[in-house]
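Work through the exercises below with the sequence and the structure at hand. Each task is followed by a solution in steps.

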Amino acid sequence: MIILTTLPLFWIMISASRGGHWGAWMPSSISAFEGTCVSIPCRFDFPDELRPAVVHGVWYFNSPYPKNYPPVVFKSRTQVVHESFQGRSRLLGDLGLRNCTLLLNTLSPELGGKYYFRGDLGGYNQYTFSEHSVLDVINTPNIAVPPEVVAGREVEISCMVPDNCPELRPELSWLGHEGLGEPAVLGRLREDEGTWVQVSLLHFVPTREANGHRLGCQAAFPNTTLQFEGYASLDVKYPPVIVEMNSSVEAIEGSYVSLLCGADSNPPPLLTWMRDGMVLREAVAESLYLDLEEVTPAEDGVYACLAENAYGQDNRTVELSVMYAPWKPTVNGTVVAVEGETVSILCSTQSNPDPILTIFKEKQILATVIYESQLQLELPAVTPEDDGEYWCVAENQYGQRATAFNLSVEFAPIILLESHCAAARDTVQCLCVVKSNPEPSVAFELPSRNVTVNETEREFVYSERSGLLLTSILTLRGQAQAPPRVICTSRNLYGTQSLELPFQGAHRLMWAKIGPVGAVVAFAILIAIVCYITQTRRKKNVTESPSFSGGDNPHVLYSPEFRISGAPDKYESKRRLGSERRLLGLRGEPPELDLSYSHSDLGKEPTKDSYTLTEELAEYAEIRVK
């Protein structure tokens, strides 16, 4: 476009061609609103040597050749025109001045087409010019929008309408521009080929909300009912903005989860689902789903959605929380400790939500935490009572898991008070119960006979371990009449303890020593004493006779060989000591012993095939004699 003061090109060409040859100049195209008029500017020329008295001219429609009988638009000689142009066409220019400008009124769509001019100088001096003008009959204003409108960048939009009707001048106004900007009317402008236009400009900074906005321009002709409107939809380019996305998602392990990401942008964005930098799914779309079937705790975490196009990008994240039952707890800590040490045991698990952790032993709760994944148990100065099996239990609303672990407390042997000796018939059994960790060694000492028997001598000692308790049983045959003193000694790497085992059922042992004859005699003496006292009281002249006191016992009840203390005389002690020491050093086929007893077996009758210590002594003596 050029402004009003600029001369049109075809006028320049006319000036340069004066005195030239046949030629015509007119705009190649021109437009006008339906129902208005249009003035087609036209200039022509001919050789100077031709000096016609009168110059005539003819305008044809759509064909330059008369032999084709094109419709006549205007004819200066006869004024005979085609019916379509009757009353609509007239010549504005002066043919004598070589001006062939044509005016057409009351335009209708069928008048749109090519218009040719033919000069008639008389005789054979007639010439149809190939130059022509194309008329476009329109009914909408032209809104010119830049090829790219970007949000945030100022843009200029113009409304341009033809102004080639000298009788009617259009007035322009904008429609739907509220909130965009105030229009500026530039007025009437001349185009390069001599046509005229009315132009109005609209400047504004578009936003993403303006995308798709319908902007209109209206051309109205005063004092008429003619109004023409044109519209254009704004195609505003803008970067993506994520407008739809899941909030934090909670799902139970094994369930189905669908994550949605939707973005607003122009052009449509490339949507990408990512986790830890890894692309999970992508597509060019306004929304994109990420489907997770049978979710596991490994899929717990933060997922990111990235939206991008040529104008920018946006991203958002969503946290997926997979709810699941606690995993089997793990125990990491000391499992073996020495008595008195401090023990620290750590129990840990994993779950969502965090579990309730509890450590207990024998149904007694020792420590617990709520909504924590770790629990530490501190046992200062552990004792043997702390030894045993513990459980760490983790639970939440989705399940429960438990782990058992053992704490082994090592300590010096403790001989329990239930250890004792008991006699039954001709057998003495000594029970030594020891609590210890690690397992101790146990030995039975007979100090009066200078003999020690340990658990490796299976023919005399039977041992059985249950947990921290070691039960050892020493069996002596033929010793019921004079049971010896027995000392139980237990030792491990942490210490040694000894205990002289007490005898139980001493009154039964006493009657066993007296025998049936002695019992009868003792009973008779008791009756005699009772009778004597009774008679004395009746006579009332005899004082009470001193008799047996509570601590005295008649000598007839005891054998000089086996006393209550179990100690023989000096000579017999030496003789037995030597025999028993030789016996305990014997190596050969062990005698068959009955070892199938426990605490409740004490006092039971041994098997008849069992050997006694006395029988072995006799057998050993016979071997030595031979």
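**Exercise 1: a left-handed disulfide**

Cys42 and Cys100 form a disulfide, with 1.7 Å between their sulfur atoms; a disulfide is a pair of cysteine sulfur atoms within 2.5 Å. This is a predicted model, in which local features need pLDDT of at least 70 and side-chain atom pairs count only at pLDDT 80 or more, while totals for chains, interfaces and linings use all residues. Residues are numbered from 1 along each chain as its sequence is written, and side-chain values use heavy atoms, with hydrogens and water left out.

Task: State where Cys42 and Cys100 lie and which hand their disulfide has.

Solution.
- Step 1. Cys42 lies in the loop between strand 3 and strand 4 (43-45), and Cys100 in the loop between strand 7 (89-91) and strand 8 (102-104), so the disulfide ties together parts that are 58 residues apart in sequence. Strands (E, at least two residues) are DSSP runs, numbered from the N terminus.
- Step 2. The torsion about the S-S bond is about -70 degrees, so the disulfide of Cys42 and Cys100 is left-handed.
- Step 3. Cys42 is buried, with a relative accessible area of 0%, and Cys100 is buried with a value of 0%. Buried means under 20% relative accessible area, exposed over 50%, and partly exposed in between (1.4 Å probe, protein chains only).

**Exercise 2: two further disulfides**

Task: The structure holds seven disulfides. Describe the one between Cys37 and Cys165, then the one between Cys261 and Cys305.

Solution.
- Step 1. The sulfur atoms of Cys37 and Cys165 are 1.7 Å apart. Cys37 is in the loop between strand 2 (29-33) and strand 3 (38-40), and Cys165 is in the loop between strand 13 (155-162) and strand 14 (171-175), so parts 128 residues apart in sequence are tied together.
- Step 2. With a torsion of about 95 degrees about the S-S bond, the disulfide of Cys37 and Cys165 is right-handed. Cys37 is buried at a relative accessible area of 2%, and Cys165 is buried at 4%.
- Step 3. Cys261 and Cys305 are joined at an S to S distance of 1.9 Å. Their S-S torsion is about -80 degrees, so this disulfide is left-handed.
- Step 4. Cys261 belongs to strand 21 (residues 257-266) and Cys305 to strand 25 (residues 301-309), 44 residues apart. Both Cys261 and Cys305 are buried.

**Exercise 3: aromatic rings**

Task: A search of the whole structure finds 17 aromatic pairs. Is the pair of Phe117 and Phe129 stacked or edge-to-face?

Solution.
- Step 1. Rings of Phe, Tyr and Trp (its six-membered ring) pair if their centres lie within 6.5 Å; planes under 30 degrees apart count as stacked, over 60 as edge-to-face and the rest as tilted.
- Step 2. The rings of Phe117 and Phe129 are 6.2 Å apart centre to centre, with 5 degrees between the planes, and the pair is stacked.
- Step 3. Phe117 lies in strand 9 (residues 113-120) and Phe129 in strand 10 (residues 126-138), so the pair ties together parts twelve residues apart in sequence. Phe117 and Phe129 are both buried.
- Step 4. Tyr324 and Trp327, by contrast, form a tilted pair, at 6.0 Å centre to centre and 40 degrees between the planes. Tyr324 is buried, with a relative accessible area of 5%, whereas Trp327 is partly exposed, at 42%.
- Step 5. Phe117 and Phe129 also belong to one aromatic cluster with Trp22, Phe44, Phe46, Trp59 and Tyr127.

Methods
Helix = DSSP H or I, 4+ residues; strand = E, 2+ residues; numbered from the N terminus.
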